[in-house]
Amino acid sequence: MFWILLAAAAAAADLGIKRWIRHHKDLNSSQPILGGRIIITKYFNPGAMLGFMKDQAKLLSGITLVALGLIAGLLLAFTGRKGYGLVKLGLSLLLGGALSNAWERLTYKKVTDYFRISIGCRRLERVVFNIGDFCIFVGTVLAFIGSMRKKPHG
């Protein structure tokens, strides 16, 4: 149950921030925070990461729903098993981030992205993210690392 609640908390936190950004920031605005390392920027992405499939909204929505089902199924399958803490953590974060982005994609036909990272890499500075995106990335990495372990932990 903990892992499902963690996924729900990640999704709720990201959706809450997205709602605040939609109502309080201007489109493509820039507000540096944390010494300029993070720049709050409101942007709407009609596609997946980096605008992928932006012109295929119905197909992207279908793929999103199938992926959510698969991730949720995997998490439920691992939840009943001893160990595999890193896999469960990864799948929980992955599910939470995917839920948040899917909710917006299905509700608004676009996903609210709201921050850029400024660390000296111009290519990275042009990409606008949301917390759900980071949950998806970190969750995928953790689940992969956890699945590569010989002996289950956690």
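**View 1. Helices H2 and H3 of this predicted model pack side by side.**
Start with helix H2, which covers residues 57–79, and its partner H3: their axes come within 9 Å and cross at roughly 155 degrees. An angle over 145 degrees counts as roughly antiparallel, and H2 and H3 are therefore roughly antiparallel to each other. Their crossing is left-handed. On the H2 side, look for Leu60, Ser61, Thr64, Leu65, Leu68, Ile71, Ala72, Leu74, Leu75, Phe78 and Thr79. H3 meets them with Val87, Lys88, Leu91, Ser92, Leu94, Leu95, Ala98, Leu99, Ala102, Arg105 and Leu106. Sorted by class, the residues of this contact are 16 nonpolar, 4 polar and 2 charged.

**View 2. Helix H3 also packs against helix H5.**
Here H3 (residues 85–108) sits with H5 (residues 131–148), their axes 7 Å apart and at an angle of about 155 degrees. That makes H3 roughly antiparallel to H5. The crossing of these two helices is left-handed. H3 brings Leu86, Val87, Leu89, Gly90, Leu91, Leu93, Leu94, Gly97, Ala98 and Asn101 to the contact. From H5 come Gly132, Asp133, Cys135, Ile136, Val138, Gly139, Thr140, Leu142, Ala143, Ile145, Gly146 and Ser147. Count the classes in this contact and you get 13 nonpolar residues, 8 polar ones and 1 charged one.

**View 3. Lys18 and Asp14 pair up within helix H1.**
How many salt bridges does a search of the whole structure find? The search turns up 3, and the pair shown here is Lys18 with Asp14, whose closest N and O atoms are 3.0 Å apart. Both residues belong to helix H1 (residues 2–24), and because they are 4 residues apart there, about one helical turn separates them. Are Lys18 and Asp14 buried or exposed? Lys18 is buried, and Asp14 is too.

**View 4. Arg22 and Glu104 form a salt bridge between two helices.**
The side chains of Arg22 and Glu104 meet at 2.4 Å, N to O. Arg22 sits in helix H1 and Glu104 in helix H3, so this pair ties together parts that are 82 residues apart in sequence. Both Arg22 and Glu104 are buried.

**View 5. Glu125 and Arg122 share a salt bridge in helix H4.**
The closest N and O atoms of Glu125 and Arg122 are 3.7 Å apart. Helix H4 runs over residues 122–125, and the two partners lie 3 residues apart in it, about one turn of the helix. Which partner is buried and which is exposed? Glu125 has a relative accessible area of 16%, so it is buried. Arg122 is exposed, with a relative accessible area of 64%.

**View 6. Ile117 sits in strand S3.**
Strand S3 covers residues 111–117, and Ile117 is part of it. With 16% relative accessibility, Ile117 counts as buried, because buried means under 20%. Which residues does Ile117 touch, leaving aside its neighbours within four places in sequence? Its contacts are Arg37, Ile38, Leu124, Glu125, Phe129 and Phe134. Glu125 is the buried residue from View 5. For a sense of distance, try Lys82: Ile117 and Lys82 are 35 residues apart in sequence, and their C-alpha atoms are 38 Å apart in space.

**View 7. Phe2 in helix H1 is exposed.**
Phe2 belongs to helix H1. Its relative accessible area is 52%, so Phe2 is exposed, since the cut-off for exposed is over 50%. Now find Thr79, one of the H2 residues in the contact of View 1. Phe2 and Thr79 are 77 residues apart in sequence, yet 8.9 Å apart in space from C-alpha to C-alpha.

**View 8. Asn28 and Leu34 have positive phi values.**
Asn28 is not a glycine, but its phi is positive, at about 60 degrees. Where does Asn28 lie? You'll find Asn28 in the loop between H1 and strand S1, which spans 31–33. Leu34 is another residue other than glycine with a positive phi, near 50 degrees. The loop that holds Leu34 runs between S1 and strand S2 (38–45). Leu34 is exposed, with a relative accessible area of 64%.

How values were computed
Residues numbered from 1 in each chain as written. Predicted model: local features only at pLDDT ≥ 70, side-chain atom pairs only at ≥ 80, totals over all residues. Heavy atoms only, no water. Axes fitted to C-alpha atoms, helices over the stretch in contact; angles between N-to-C directions. Parallel < 35°, antiparallel > 145°, perpendicular 65-115°, else oblique. Left-handed = near helix turned anticlockwise from the far one by under 90°. Contact = heavy atoms within 4.5 Å. Nonpolar A, V, L, I, M, F, W, Y, C, P; charged D, E, K, R; others polar. Salt bridge = Lys/Arg side-chain N within 4 Å of Asp/Glu carboxyl O. Buried < 20%, exposed > 50% of the residue type's maximum accessible area, 1.4 Å probe, protein only.
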